[in-house]
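Here is a short briefing for someone meeting this structure for the first time. It begins with cysteines and then turns to a loop and a helix.

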Amino acid sequence: MDIFLEWVGSTVFMSRREATEVFSEWAEKGKDKGMENGHAASVHAMLKLAGIPRSETYSAVDVGCGNGWVCRLLAQDGTSTRVVGVDGSEAMIAKAKTIDSEGDYRVTVLPDWEPSEKFDFVHSMEFLYYLHDPQSMLKQLHDNWMNSGGMLVAGVDHYLENEDSLSWPEALNVHMTTLSMEDWKTAMIEAGFRDVELHQVAAKDSFIGTLVMCGKKA
Ligand SMILES: C[S@@+](CC[C@H](N)C(=O)[O-])C[C@H]1O[C@@H](n2cnc3c(N)ncnc32)[C@H](O)[C@@H]1O
């Protein structure tokens with residue numbers, strides 16, 4: 001019986017599609033624009049929490065950048081000196097480069113890639129929970145992607161308290177790591193972040209809001 005359950009479990013696991021493959025299809029069908037519109041209210045609130053626009057210069061990276069729309073927003077901020085977008089979907093990055101041939105967009109499947117430079121601001125919207133171990137990604141971001149004094153602001157809509165989101169892994173047939181708000185806060189602290197704050201932004205009707213985690217590197 002145990003072997004049977006193990007086989008069923010691994011079959012279900014193996015039949016899950018890679019998130020990057022699904023989002024490449026979305027990019028090819030033009031669904032990236034709808035996602036951009038759908039995330040806009042949350043991202044604007046997140047950038048406000050990050051103190052953007054800023055009066056001091058800063059470098060930034062958007063992790064899981066999709067078609068790169070947040071990179072282009074950051075590039076419009078007169079004090080951003082360098083903006084990089086990374087995503088594991090080739091079609092999303094191709095779309096980003098088509099829209100903005102001057103932008104720095106890279107195909108990088110995470111967590112198996114690290115930048116050769118560090119950033120003052122790390123942004124991420126609706127990316128972390130696609131990973132099997134988002135907690136260790138947070139630690140990697142803290143240790144290897146950020147300058148001292150840098151800030152991370154990351155948003156997730158799939159989390160335990162957002163009950164409407166709990167059906168998404170089955171609906172999309174994609175792995176999602178379901179963490180509670182407390183789990184995310186613990187993960188941020190254990191990753192080494194200081195001044196950790198959680199916010200729920202852009203709540204509307206039955207949507208309880210994007211869970212935003214903010215933290216600084218000492
Ligand atoms: C829900 S979309 C969000 C895109 C963008 N942040 C936005 O708000 O429009 C999630 C993005 O994460 C990317 N992604 C998922 N898993 C990834 C992985 N393991 N490595 C790199 N990118 C990944 C997908 O390709 C997709 O573009």
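A disulfide is a pair of cysteine sulfur atoms within 2.5 Å. This is a predicted model, in which local features need pLDDT of at least 70 and side-chain atom pairs count only at pLDDT 80 or more, while totals for chains, interfaces and linings use all residues. Residues are numbered from 1 along each chain as its sequence is written, and side-chain values use heavy atoms, with hydrogens and water left out.

**Cysteines**
- Zero disulfides are found when the whole structure is searched.
- The closest cysteine sulfur to that of Cys71 belongs to Cys65 and lies 5.0 Å away, which is too far for a bond.
- Cys214 is likewise in no disulfide, since the nearest cysteine sulfur, that of Cys71, is 18 Å away.
- Cys71 is buried (under 20% relative accessible area, with exposed over 50% and partly exposed in between, using a 1.4 Å probe and protein chains only), at a relative accessible area of 4%, and Cys214 is buried at 3%.

**The loop residue Thr177**
- Thr177 sits in the loop between α7 (168–172) and α8 (181–191), where helices are DSSP runs of H or I with at least four residues, strands are runs of E with at least two, and both are numbered from the N terminus.
- With a relative accessible area of 11%, Thr177 is buried.
- Apart from its neighbours within four places in sequence, Thr177 is in contact (heavy atoms within 4.5 Å) with Tyr129, Leu131, His132, Pro134 and His158.

**Helix α2**
- The buried residues in α2 (residues 19–28) are Ala19, Val22, Phe23, Ser24 and Ala27, and their cover includes α3 (31–49), α5 (90–99) and α7.
- Gly30, which follows α2, has a positive phi near 80°.
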